[in-house]
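This report walks through one protein chain, beginning with its strands and then turning to its helices and to some individual residues. Please look at the sequence and the structure before reading on.

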Amino acid sequence: MSESPAARLQKLFEGHRLTPTQRRIAHCMVRGAAEVPFLSSVELAELAGVSQPSVTRFAVALGFDGYPALRRHLREVAPAERAAGGEEDAYNEYQQAVQGEIENLRQLSAMLSDPAPVREAGRLLAGSSPLPVLGLRAASSQARGFAYFAAKVHPDVRLLDEGGSMLADRIDAAAGAGASALLCFALPRHPKEVAEALAHARGAGLTVVTVADSAFAPVARHSDLLIPAPVGTGLAFDTACAPMLLGRVLLEAMADALPDAQARLEAFDARAAARGLFVE
């Protein structure tokens, strides 16, 4: 599968030390990969919510003489012409939000053309017992969903979906019980407490695997392996179909790395049938 424009842009930004403002510009460009090559520095600044000089400094930080040189490069790695707007204009605001999520899933699919990061994450998660799974505020449902299914194949999954002073204690307890890795779901708006928890986890010797909305998310510097999955912003509250699906992909990779995963699933099914747990 060929890389999407967003994936190619992502690679352009990787390996650079970017300031928070520059990460914001990069994230904005990845989200609008098809349109960005046609924007002026002023238009890009308005789209990203930063100043025009910040866009110029961003281009220089990437190694270009200025924004015009960066834009010329973008036209090589992004589509050669704008997508036709007629069909998109025919969608109402709810349909546009769904179409945005479909594009996010396309980006995720393109990213998964290289399965190595996901397989490595699966190996790390399978090898950690207990396995702490962290997700606060907007990301709590993603963490809870992963933990629910992971418990079917993993011997000891510990959900961390509440903040407060006990969070560090629970991370320490997991590390003390033998945990070697922690899985984190981090979605906008990024709580300061999540970054602090990840820094604490790494200090406790845990390898941090993170699912975040962008490789430039604030939690990136506290993660050993970050796998991005974009969120939708077309509605009043962000939508997270791609992060949810990536969580299921990680479950599959983890199950593949667990030698007794199938036996555990079959044992669960047998118990559920004996208890009449589900309606046929």
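## The sheet

Strands β1 (131-134) and β3 (181-186) pair in the parallel sense over two bridges, where two strands are said to pair if DSSP finds at least two bridges between them. Within this pairing, Val133 has Leu183 in β3 as its bridge partner. Helices (H or I, at least four residues) and strands (E, at least two) are DSSP runs, numbered from the N terminus.

The wider sheet is open and is formed by five strands in the order β2-β1-β3-β4-β5, with parallel pairing. Because β2 (157-160) and β5 stand at the edges with a single partner strand each, one side of each is left without a neighbour in the sheet. From one strand to the next, the twist averages 15 degrees.

## How the model should be read

This is a predicted model, in which local features need pLDDT of at least 70 and side-chain atom pairs count only at pLDDT 80 or more, while totals for chains, interfaces and linings use all residues. Residues are numbered from 1 along each chain as its sequence is written, and side-chain values use heavy atoms, with hydrogens and water left out.

## Helices that lie across the sheet

Helix α8 (residues 116-126) lies across β1, β3, β4 and β5, and runs at about 130 degrees to β5. Helix α9 (residues 140-150) lies across β1, β2 and β3, and runs at about 165 degrees to β2. Axes are lines fitted to C-alpha atoms, for helices over the stretch in contact, and angles run from 0 to 180 degrees between N-to-C directions.

Which residues of α8 are buried? They are Val118, Ala121, Gly122, Leu124, Leu125 and Ala126, where buried means under 20% relative accessible area, exposed means over 50%, and partly exposed lies in between (1.4 Å probe, protein chains only). What covers these residues includes β1, α9, β3, β4 (207-212), β5 (225-228) and α12.

## Pairs of helices

The axes of helix α1 (residues 5-13) and helix α2 (residues 20-31) come within 8 Å and cross at roughly 160 degrees. That makes α1 roughly antiparallel to α2, since angles under 35 degrees count as roughly parallel, over 145 as roughly antiparallel, 65 to 115 as roughly perpendicular and the rest as oblique. Ala6, Leu9, Gln10 and Phe13 of α1 make the contact with Ala26, Met29 and Val30 of α2, contact meaning heavy atoms within 4.5 Å. By class, the residues of this contact divide into six nonpolar, one polar and no charged; Ala, Val, Leu, Ile, Met, Phe, Trp, Tyr, Cys and Pro count as nonpolar, Asp, Glu, Lys and Arg as charged, and the others, Gly among them, as polar.

Helix α2 also packs with helix α3 (residues 41-48), at an angle of about 100 degrees and with their axes 9 Å apart, and α2 and α3 are therefore roughly perpendicular to each other. On the α2 side the contact is made by Arg24, Ile25, Cys28 and Met29, and on the α3 side by Leu44, Leu47 and Ala48. In another pair, the axes of α9 and helix α12 (residues 241-257) come within 10 Å and cross at roughly 25 degrees, so these two helices are roughly parallel to each other.

## Peptide bonds and a positive phi

Most residues other than glycine have a negative phi, and most peptide bonds are trans. In this model, a cis peptide bond joins Ser129 and Pro130, with omega about 5 degrees, and Pro130 is found in the loop between α8 and β1. Another cis peptide bond joins Pro188 and Arg189, with omega about -10 degrees, and Arg189 lies in the loop between β3 and α11 (192-203).

Arg137, in the loop between β1 and α9, has a positive phi near 55 degrees although Arg137 is a residue other than glycine. Arg137 is exposed, with a relative accessible area of 69%.

## A buried asparagine

Asn104 lies in helix α7 (residues 93-111) and, at 3% relative accessibility, counts as buried. Where its neighbours within four places in sequence are left aside, Asn104 is in contact with Arg31, Pro230, Val231, Gly232 and Ala242. The C-alpha atoms of Asn104 and Pro243 are separated by 9.5 Å, although the two residues are 139 residues apart along the chain.
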